[in-house]
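Ready for a few short exercises at the bench computer? Each one gives you a task, followed by a solution that goes step by step.

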Amino acid sequence: MENILWKFIRGDMPLADFTQWLYTTKELEPFLGEDLHLDVILTNFENRNDVVNLQEILANYLIAKDPRACVCVRYADLSVIGMESDDPDDAMFLSVVKERKNFGDPYWWLNLYSCNVCKQNWLLAQEERMNDIYILKRISAVDANLIYQENKWPASFRTYEELLKIGYDHGVKFRFCDPLSSSLCYLVADLIKERDDITPKEISVLLNLDEETAKEIYELASNPKRLKQYLEEDVSYMKYGVSSAQNDPTVWQNFKEHCQKHSTSIIIWCLIFVVGRLLSLYFR
Ligand SMILES: [Zn+2]
């Protein structure tokens, strides 16, 4: 009974199946009580707001009825949790699930997790190159055993594009302040490697970029020689602490002019510092 109600609450059950179950399950009225049962029966399932409202009422009812039930039951079969989420449910969830196995290369983001409380198994992907999210998929004990004992993993979450798409579908839209940074260029290069007919427009959607910037990164990332040269320049700039200056010629120009203009005072201050250190060592 609770399982089917939770499936409806999480959106993991087609509405037609739920309404059919509703009208044919006699045990529901004694389980919910007369008033709540009447509310459920009278809900207009064609109206999205009424359905969401009912899902909330039923969730609160079930949590109050069994407060010790594990938090796993509140997560949809396919869920997304922000790595920095401040939702108490997410914090509780992440404290009860534990890693049992990691896929390793080439799908380093893929893990098998199990709940210490209710024993529910989860396929968990760490999407930390773009949105910093955990993507969860509820899996059966049989599938979990295949992973754990025979290293046979389900086909889900095998491409980074899939992870980005799930993040996008769940409304997670992080934006890089420096889109031409090396990490985003590497990511686009890997997306092209995964699927060579991916378009700049698709990249712009997945990575929350405007189309022009996506095209620029796409052209850079699809030319290995140019990408290597660009990234080497990026790294050399980063060593001097002006990582993104090359993307903005005016910033770099100003920096150079500033150094030239103040070179004499910089040298004098350095000399004062060195002499001061020497004197303090001498008189110690
Ligand atoms: Zn659990």
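A residue is buried if 20 or more other C-beta atoms lie within 10 Å of its own, exposed if 12 or fewer, and partly exposed in between, with the C-beta atoms placed from the backbone. Helices (H or I, at least four residues) and strands (E, at least two) are DSSP runs, numbered from the N terminus. The model is predicted: local features need pLDDT of at least 70 and side-chain atom pairs count only at pLDDT 80 or more, while totals for chains, interfaces and linings use all residues. Residues are numbered from 1 along each chain as its sequence is written.

**Exercise 1. One side of a helix**

Task: Find which residues of helix α11 (residues 211-221) are buried, and work out where they sit around the axis.

Solution:
- Step 1. In α11, the buried residues are A214, I217, Y218 and A221.
- Step 2. These residues cover an arc of only 105° around the axis, so they lie on the same side of α11. The arc is that of the directions from the helix axis to the C-beta atoms.
- Step 3. Now look at V188. Leaving aside neighbours within four places in sequence, V188 is in contact with I203, I217, Y218 and A221. Contact here means that two C-beta atoms, placed from the backbone, lie within 7 Å.
- Step 4. V188 and I135 touch the most other members of the largest nonpolar core, which has 44 residues. Such a core is a set of buried Ala, Val, Leu, Ile, Met, Phe, Trp, Tyr and Cys residues joined through C-beta atoms within 7 Å.

**Exercise 2. Laying out the sheet**

Task: Put the 5 strands of the open sheet in order and pick out its edge strands.

Solution:
- Step 1. The order is β1-β5-β4-β3-β2, with antiparallel pairing. Two strands pair if DSSP finds at least two bridges between them.
- Step 2. β1 and β2 (97-102) are the edge strands, since each pairs on one side only.
- Step 3. Neighbouring strands are turned by 30° against each other on average, direction ignored. Axes are lines fitted to C-alpha atoms, for helices over the stretch in contact, and angles run from 0 to 180 degrees between N-to-C directions.
- Step 4. Add the helix: α6 (residues 88-96) lies across β1, β2 and β3, and runs at about 50° to β2.

**Exercise 3. Following the bridges**

Task: Trace the pairings of strand β4 (residues 121-127) and of strand β5 (residues 133-139), and say why each is largely enclosed.

Solution:
- Step 1. Strand β3 (residues 110-115) is joined to β4 by 5 bridges. L112 has L123 as its bridge partner in β4.
- Step 2. The hairpin of β3 and β4 has 5 residues between the strands, and K119 takes a positive phi near 70° there.
- Step 3. From β4 to β5 there are 7 bridges. L124 has L136 as its bridge partner in β5, and E127 stands opposite I133.
- Step 4. The hairpin of β4 and β5 also has 5 residues between the strands, with D132 at a positive phi near 55°.
- Step 5. Strand β1 (residues 78-82) is joined to β5 by 5 bridges. I81 has Y134 as its bridge partner in β5, and S79 stands opposite L136.
- Step 6. Because 6 of the 7 residues of β4 are buried, β4 is largely enclosed by the rest of the structure. For β5, 5 of the 7 residues are buried, so β5 is largely enclosed too.

**Exercise 4. Buried, partly exposed or exposed?**

Task: Classify V51 and D196.

Solution:
- Step 1. V51 is found in helix α5 (residues 48-65). With 17 other C-beta atoms within 10 Å, V51 is partly exposed.
- Step 2. D196 is found in the loop between α9 (182-194) and α10 (200-206). D196 has 8 other C-beta atoms within 10 Å, so this residue is exposed.
- Step 3. D196 and S222 are 26 residues apart in sequence but 9.0 Å apart in space, C-alpha to C-alpha.
- Step 4. For the wider view, 19% of the 284 residues of the protein count as buried.
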